[in-house]
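Q: Could you take me on a close look at how the helices and strands pack against each other in this model? I'd like one connected walk-through, please.

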Amino acid sequence: MQVLPRSLTGRLLVTTCVTLLVGFGLSSIIIGHELGWLVLHDMDERLDAQIEILASAVDANGTLDPGFRVDAPPFNRPGSGWAWEVIGDAGAARSASLNGADLPMPPPPPPPPNQHPPRMPHFRRDGVMVRGELVFPRPMDVRGRDGRLLHYRVASVPTSLGRSVIIVAGPREIVERPLRRAMTPLLVCLGGMAFCLLVALFAQLRVGLGPLVRLQAMVAEVRAGKLRQIHVSEPTELLPLVDELNELIQANEQAVARARTHVANLAHGLKTPLAALKLDLAESACDADGRLAALVERMESQIRRHLGRARATSAGTAAHPVEIVVPHIEDLVSALRRLHAERSLDIEQSIPDDLLVRCDGQDLDEMLGNLLDNAWRHARSRVRISAPRGGRLAQILIEDDGDGLGEAEMLQAMQEGRRLDETEAGYGFGLSISRELCELHGGSLELRRSGLGGLAAVITLPRGGGME
């Protein structure tokens, strides 16, 4: 199961958002708890002050002195939620706000003398000094008769007849209302901070990951042949990676150069012995049935096929240089005129002088030479070489006015070793090798019907030099 996104940007965003949510959630809980405790602490101090007043008005027999004024506001307003009750052995006294009714719960049993009752986690203040004894009021929350939640403070006061219990209550909403009012702007501020942090994160990602995007573009330019090395000066963390990439590019170029050298040496080393062997077989009578000559031709075809494949593969592993097409066309046309001197053809050439393609020069000669030779062999009187302007890819059309090929024959002609005309010399690998070279340079080779009536071969290659 994929938990995190695959991209580095996505992972940073997800982890940061989760961290922010957890951090702000815990912050809200902690701050809310502390604010609630502070408000509740103030309320407890107010209730404890009332306990001290009531304790000072309790007589020695545990009854409340009727002449002592203890019903200060808001304990004198009925329905306010503020109330007190003193319960002793001689009777009970209540605040005016109760209208003679009891508080909705009986007081808890008093704790044993000199033993402090357990304090609630939020209760952190000292006790109340009553008649020389330190008393610790106990907090509790009780639902009132009207359904309102009340906060109690319960204290046990010593008298001559025993201990009297003082209960002082206040509405719990006194704590919760300011807490809600305080938490609303707090959460808004925390949300604003989270938004600002996310905006800063997006900016950091764009700035921080920008060098990686530029590095990717440079690697693509190296692969396309526009650059030979990657030049980056910052950030310093990427410099070791850039150095390794440049070393890899240089090692790749050296390997390609060595492969081309080995291929050329092998071609030259095998060409002369095979040619001499063919001459010896033709002049001697030791090959009456022609079997040895057929084997030699087969060896030549296999050597040409595998050398072409090796050369095509090595071309595909290197950065493609930029070549001007016109000089290659002119050199090939001049060579074919001498090679096919017995055929006087009308050669039409309309190649723009500034047409550049990204292709190795030897590979370009190989592709154009194969296709021009085929057109020269099968044309009646006319061969046309053209290239339309514009477009991201360059197209070179080689057309003849020969008999042409049908759709099925065009497919067969692109297959390795297939020769549609057995009377002509050759091995049937020219078109397939040309197609492989085109594809390895990022292009394609297509056969179609020519406007001259014969066959049209269309080479498509990436343009070079920013030509669009």
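A: Happy to; here is a tour of two helix pairs and then a set of paired strands. Keep in mind that this is a predicted model.

Let's begin with helix α1 (residues 8-57) and helix α2 (residues 173-224), whose axes lie 9 Å apart and make an angle of about 160 degrees. Angles over 145 degrees count as roughly antiparallel, and α1 and α2 are therefore roughly antiparallel to each other. The crossing of α1 past α2 is right-handed. Where α1 and α2 touch, the contact has 29 nonpolar residues, five polar ones and no charged ones.

Next come helix α5 (residues 325-339) and helix α6 (residues 361-378), which cross at roughly 45 degrees with their axes coming within 10 Å. That makes α5 and α6 oblique to each other, and their crossing is right-handed. On the α5 side the contact residues include Leu332, Leu336 and Arg337, and those they meet in α6 include Leu368, Asp373 and Trp376. Sorted by class, this contact of α5 with α6 holds nine nonpolar, three polar and three charged residues.

Now for the strands. β11 (residues 382-386) pairs in the parallel sense with β9 (residues 346-350) through five bridges, and within that pairing valine 383 of β11 sits opposite isoleucine 347. β11 also pairs with β12 (residues 393-400), this time antiparallel and over four bridges; here serine 386 has leucine 397 of β12 as its bridge partner. β11 and β12 form a hairpin with six residues between them, and in the turn glycine 390 has a positive phi of about 80 degrees.

Methods. Residues are numbered from 1 along each chain as its sequence is written. This is a predicted model: local features need pLDDT of at least 70, side-chain atom pairs count only at pLDDT 80 or more; totals for chains, interfaces and linings use all residues. Side-chain values use heavy atoms; hydrogens and water are left out. Two strands pair if DSSP finds at least two bridges between them. Axes are lines fitted to C-alpha atoms, for helices over the stretch in contact, and angles run from 0 to 180 degrees between N-to-C directions. Angles under 35 degrees count as roughly parallel, over 145 as roughly antiparallel, 65 to 115 as roughly perpendicular and the rest as oblique. A crossing is left-handed if the near helix is turned anticlockwise from the far one by less than a right angle, and right-handed if clockwise. Ala, Val, Leu, Ile, Met, Phe, Trp, Tyr, Cys and Pro count as nonpolar, Asp, Glu, Lys and Arg as charged, and the others, Gly among them, as polar. Contact means heavy atoms within 4.5 Å.
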